[in-house]
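Reader: I am new to reading protein structures and would like to go through one slowly, with the reasoning spelled out. Could we look at it together?

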Amino acid sequence: MIIGSITDGIVIDHIPAGRGMELYHYLQLEQLECQVAVIKNAPSTKIGKKDIIKIGELIDLNLDILGFVSPRITINYIQNGERVKKRHPVLPEQIVGMVKCKNPRCITSIEQELPHIFVLTDREKGIYRCRYCDTRAK
Amino acid sequence: MRSLIDITDLSLAELDSLIATAQDIIAHPEKYAEACHGKKLATLFYEPSTRTRLSFESAMLELGGSVIGFSDAGNSSAAKGESVADTVRTVECFADIVAMRHFKEGAPLVASTFAHIPVINAGDGGHNHPTQTLADLLTIQREKGRLDTLTIGCCGDLKFGRTVHSLISAMSRYENIRFVLISPEELRIPENVRSEILDRRHIPYEETTDLEGAMPKLDILYMTRVQRERFFNEADYLRLKDSYILTPEKLKTAKSDLIVMHPLPRVNEISTAVDSDPRACYFKQVLNGKYIRMALILMLLEVTV
């Protein structure tokens, strides 16, 4: 399968295989007017298989959540066909609405309107815990 | 405007101040008799309670204030499906401060984010119970004369025992504290308490199933009940409920100045024969709970005497 390179835009690479569509929805990329490609199960020498998201425009996106999905993800900014910047995501202080608390004793289990919020409690180990009940995010 | 959701919401200086106020209330109750005149406490108890609710209510009454509330979710709009957020925004129209107990973990935190009056967590599921910890700290201070340099044995249900989690969190902030965690394998202390409190603060601790073996080392023995209401499986509860039963016989190897604590209610984990032992402090904890809750209400309502 051939997906052309982009002239200006963002390439999110080394996404763990199978998580690309989840990120596509979480980042609300379906709302963009520009071209967006999600490539699933691309071969990777580093991690075997990976997903890739290509966004055909240099836009301002909050990509902090990527750090929670995997610190190995790379974000490449492309301008005039050249990569002008590459970075790894940092762990966000909190994650809202991406992970559901699985603790049946948590208040979120009976109050559907409450946002599921996970707070970074250990940056070194990348541990997030439910803001309400302290259950660890999995 | 402050709330108390987790014991770590209070700094060590604030804990010291609360304990000092409680000691002053014990010594001079008349000074505080009208301190909260005209103020109302709402006790919102979605889960059964004897001690905590009556302790909060008597604390407010002894400060000259008054009390409204419910003691059963079935008697409130929660039975109609009202959210915690809506309930607390209704109650704040009538009261100056809320004490909430809820069977779901995090409910008082939710209440505090919507309320414009102080919310006190009076116990949320198996999660936290900070005012029990305040009662425990006051008891330890009064009985041992210090809050540092202590070996504390926590025995029983350490997995769902919210009072134990709050106690470990609070006592880990003092110097030279050591824990002996005594429980059946299935009811060991949760991983987050181990890794994020004990390990992170480099607090020495050991985990064991052997109460008798641990006994001679202890300055404090904190017994807990295996709580039927925390189990989804009755068979698991029945298998574990009699894991530890403290008797005068088992106390024979204990230090003479050990104190035996329990957040109550007990079922059978402390034999009634232990009650007459001068080392039994669990009913003193109940009384201390009222005084420290009086001090807490004063602090959160910013009332000075």
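Reader: What radius of gyration does chain B have, and what would a compact globule with 305 residues have?

Author: The model is a predicted one, and the comparison begins from the length of the chain, which is 305 residues. For that length a compact globule would have a radius of gyration near 19 Å, and the value for chain B agrees with this, being 19 Å.

Reader: What share of the residues of chain B count as buried?

Author: A residue counts as buried when its relative accessible area is under 20%. Applied to the 305 residues of chain B, this cut-off gives a buried share of 57%.

Reader: Among contacts in chain B between residues at least 6 apart in sequence, what percentage join residues at least 24 apart?

Author: Here we set aside pairs that are less than 6 apart in sequence, and then ask which of the remaining contacts in chain B join residues at least 24 apart. The share of such contacts is 74%.

Reader: How many disulfides does a search of the whole structure find, and is B:C155 buried or exposed?

Author: A disulfide needs two cysteine sulfur atoms within 2.5 Å, and the closest cysteine sulfur to that of B:C155 belongs to B:C154 at 9.0 Å, so this pair is too far apart for a bond. Over all chains, the search finds zero disulfides. As for its surroundings, B:C155 has a relative accessibility of 0%, and therefore it counts as buried.

Terms used
Residues are numbered from 1 along each chain as its sequence is written. Chains are lettered from A and ligands numbered from 1 in the order in which they are written. This is a predicted model: local features need pLDDT of at least 70, side-chain atom pairs count only at pLDDT 80 or more; totals for chains, interfaces and linings use all residues. Side-chain values use heavy atoms; hydrogens and water are left out. The radius of gyration is taken over C-alpha atoms; the globule rule is 2.2 Å times the number of residues to the power 0.38. Buried means under 20% relative accessible area, exposed over 50%, partly exposed in between (1.4 Å probe, protein chains only). Contact means heavy atoms within 4.5 Å.
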